[in-house]
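Thanks for making the time this morning. I would like to take you through one model, starting with how it was treated and then going to the parts that I find worth discussing.

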Number of protein chains: 2
Amino acid sequence: MARNILVVEDDQNIANLIRMYLEKEGFEVRHAADGAQAIEQFNAKKPDMMLLDIMLPVMDGWSVCAKVRETSKLPIIMLTAKSEVYDRIQGLEMGADDYLVKPFEMKELIARINAVLRRTEIPEDTKKRLAFDKLIINLDSYELIVDGQRVDTPPKELELLYHLASSPNHVYTRNQLLDEVWGFDYFGDSRTVDVHIKRLREKVENVSDEWELKTVWGVGYKFELK
Amino acid sequence: MARNILVVEDDQNIANLIRMYLEKEGFEVRHAADGAQAIEQFNAKKPDMMLLDIMLPVMDGWSVCAKVRETSKLPIIMLTAKSEVYDRIQGLEMGADDYLVKPFEMKELIARINAVLRRTEIPEDTKKRLAFDKLIINLDSYELIVDGQRVDTPPKELELLYHLASSPNHVYTRNQLLDEVWGFDYFGDSRTVDVHIKRLREKVENVSDEWELKTVWGVGYKFELK
DNA sequence: TGCATATTTTACAGATTGTTCAAAACAAAG
DNA sequence: CTTTGTTTTGAACAATCTGTAAAATATGCA
């Protein structure tokens with residue numbers, strides 16, 4: 001199935017150039033020349049990804065991005081003539097997935113598109129759900145089911161458990177967990193992890209002998225599967 | 001084992017910022033303020049990766065990159081204030097592995113570093129695991145399995161055994177082991193190694209005649225494979 | 001054999017690391 | 001603005017590792 005890409009770009013020459021290369025790569029390409037058209041096209045048929053110029057007539061790229069984000073996680077790559085940090089940050093906060101500063105090379109564009117598609121693709125069987133003996137962790141609905149019973153669990157706890165359980169037997173250090181669960185920009189005490197582990201254990205201890213939340217002394221924690 | 005990154009950047013503020021984030025990510029960070037220093041540091045101890053500013057006093061980033069490439073495939077990410085395509089091409093031809101246009105966000109830097117390291121690295125599951133007759137050493141899950149039985153082993157002991165066993169028959173002196181397992185910045189008595197070897201032997205002695213933790217009198221220790 | 005040197009063993013103290021508790025800070029909801 | 005629930009922090013305590021020192025043993029060599 002060919003991937004469908006919506007290119008939002010007011011300069012007809014650039015738009016054609018992009019279309020040519022993308023089609024050569026096997027993508028289906030649609031085109032919108034301004035922000036309003038972009039939203040219209042997006043609503044008419046959901047593309048697999050959007051290439052979004054920032055400087056646009058009628059409605060600029062940021063607004064389009066924000067608008068799309070109200071209802072969708074559609075992968076978006078921003079195209080900008082400016083390289084100022086301000087723009088990059090604004091774009092990220094608006095939820096773009098990547099950036100490209102004009103003028104760029106087609107080679108790079110293609111690479112970024114593939115990278116973003118790869119990153120944002122969620123195969124059906126890798127959904128946010130993990131199941132073990134007497135344990136279901138569902139990050140989709142944020143539910144934890146222990147031995148058939150639903151157990152109310154705060155989000156951080158659930159995310160932590162999910163993260164550990166998604167690579168059974170792998171030992172994570174506290175700092176890795178802080179990075180990967182709390183985010184790389186979180187500067188907090190690593191005791192935090194301990195406390196969450198403790199609370200998880202209260203909920204999940206001695207339920208099954210197939211698995212266990214285990215401390216690896218001097219290293220960190222793991223979700224051990226027997 | 002922490003990855004070691006050499007940051008080559010003349011602006012002290014940026015360098016400190018980068019250092020802070022990288023160390024939080026668990027990297028070891030060294031810093032060079034100009035091109036000559038960079039080469040010096042590189043020769044003194046090979047890092048796992050280099051972050052290389054292009055505008056540098058004494059010797060610019062391109063020259064440093066070219067110089068390093070004479071002898072090594074070390075992953076290099078270039079940092080540049082310019083976003084011109086020309087620079088990007090020049091850098092690529094010089095053999096940089098990736099690019100970042102300043103000013104960039106830390107999130108992006110970290111992502112790129114991890115990507116480059118991933119690309120230049122052997123897969124996780126073949127990496128931290130050694131198996132011999134009746135012996136499995138798994139540094140991923142921090143488990144030691146002797147004759148099918150799991151044996152609880154403190155981290156230092158396991159790391160020591162792993163290190164020895166990862167080059168069978170190679171003799172390590174006590175000081176080498178202190179450097180490589182405890183870290184170059186550890187200043188302790190070399191008797192320490194003896195004690196750990198002894199404790200390992202208790203766990204691992206006489207289980208197989210395929211291999212042996214052997215003392216090389218007057219020199220050090222080896223993991224001998226028959 | 002006996003001496004000098006290297007290694008193994010043992011035991012212990014101190015350091016490090018992990019757990020738990022309780023309270024403060026924070027955020028979301030009403 | 002208050003209430004409620006969650007997350008984070010700090011402190012006290014417990015568990016366990018780790019390094020040292022010193023005694024016991026083994027090795028190489030004259």
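What follows is a small sheet, one serine beside it, and then the two DNA strands.

Before that, the conventions: this is a predicted model, in which local features need pLDDT of at least 70 and side-chain atom pairs count only at pLDDT 80 or more, while totals for chains, interfaces and linings use all residues. Residues are numbered from 1 along each chain as its sequence is written, chains are lettered from A and ligands numbered from 1 in the order in which they are written, and side-chain values use heavy atoms, with hydrogens and water left out.

Let me begin with the sheet in chain B, which is open and built from three strands in the order S10-S12-S11, with antiparallel pairing. Helices (H or I, at least four residues) and strands (E, at least two) are DSSP runs numbered from the N terminus, and two strands are said to pair if DSSP finds at least two bridges between them. The edges of this sheet are strand S10 (172-173) and strand S11 (211-216) of chain B, each of which pairs on one side only. S10(B) is joined by two bridges to strand S12 (residues 220-225) of chain B, and Tyr172(B) has Tyr221(B) as its bridge partner in S12(B). Across S11 and S12 of chain B lies helix H9 (residues 191-204) of that chain, which runs at about 155 degrees to S11(B); here axes are lines fitted to C-alpha atoms, for helices over the stretch in contact (heavy atoms within 4.5 Å), and angles run from 0 to 180 degrees between N-to-C directions.

Where does Ser167(B) sit? Ser167(B) is in the loop between helix H7 (155-165) and S10 of chain B, and its side chain makes a polar contact with the side chain of Tyr172(B) at 3.2 Å. By polar contact I mean a pair of N or O atoms within 3.5 Å; within protein, one must be able to donate a hydrogen and the other to accept it, and residues adjacent in sequence count only if both atoms are side-chain atoms. Ser167(B) counts as partly exposed because its relative accessibility is 26%, given that buried means under 20% relative accessible area and exposed over 50%, with partly exposed in between (1.4 Å probe, protein chains only).

Turning to the DNA, a residue is near a strand if one of its heavy atoms lies within 4 Å of it. DNA strand D is surrounded by 23 residues, the closest being Pro154(A), Trp182(A), Arg199(A), His196(B) and Arg199(B). Of the atoms of DNA strand D within 4 Å of the protein, 69% belong to sugar and phosphate. Phosphate oxygens of this strand are 3.1 Å from a polar backbone atom of Asp189(A) and 3.1 Å from one of Asp189(B), while a polar side-chain atom of Tyr186(B) lies 3.2 Å from a phosphate oxygen.

For DNA strand C there are 24 residues around it, and Arg174(A), Asp194(A), Tyr221(A), Thr215(B) and Tyr221(B) come nearest; sugar and phosphate make up 72% of its atoms within 4 Å of the protein. A polar side-chain atom of Arg174(A) lies 2.5 Å from a phosphate oxygen of DNA strand C. H9(B), the helix across the sheet, gives the most to this surface, with six residues.
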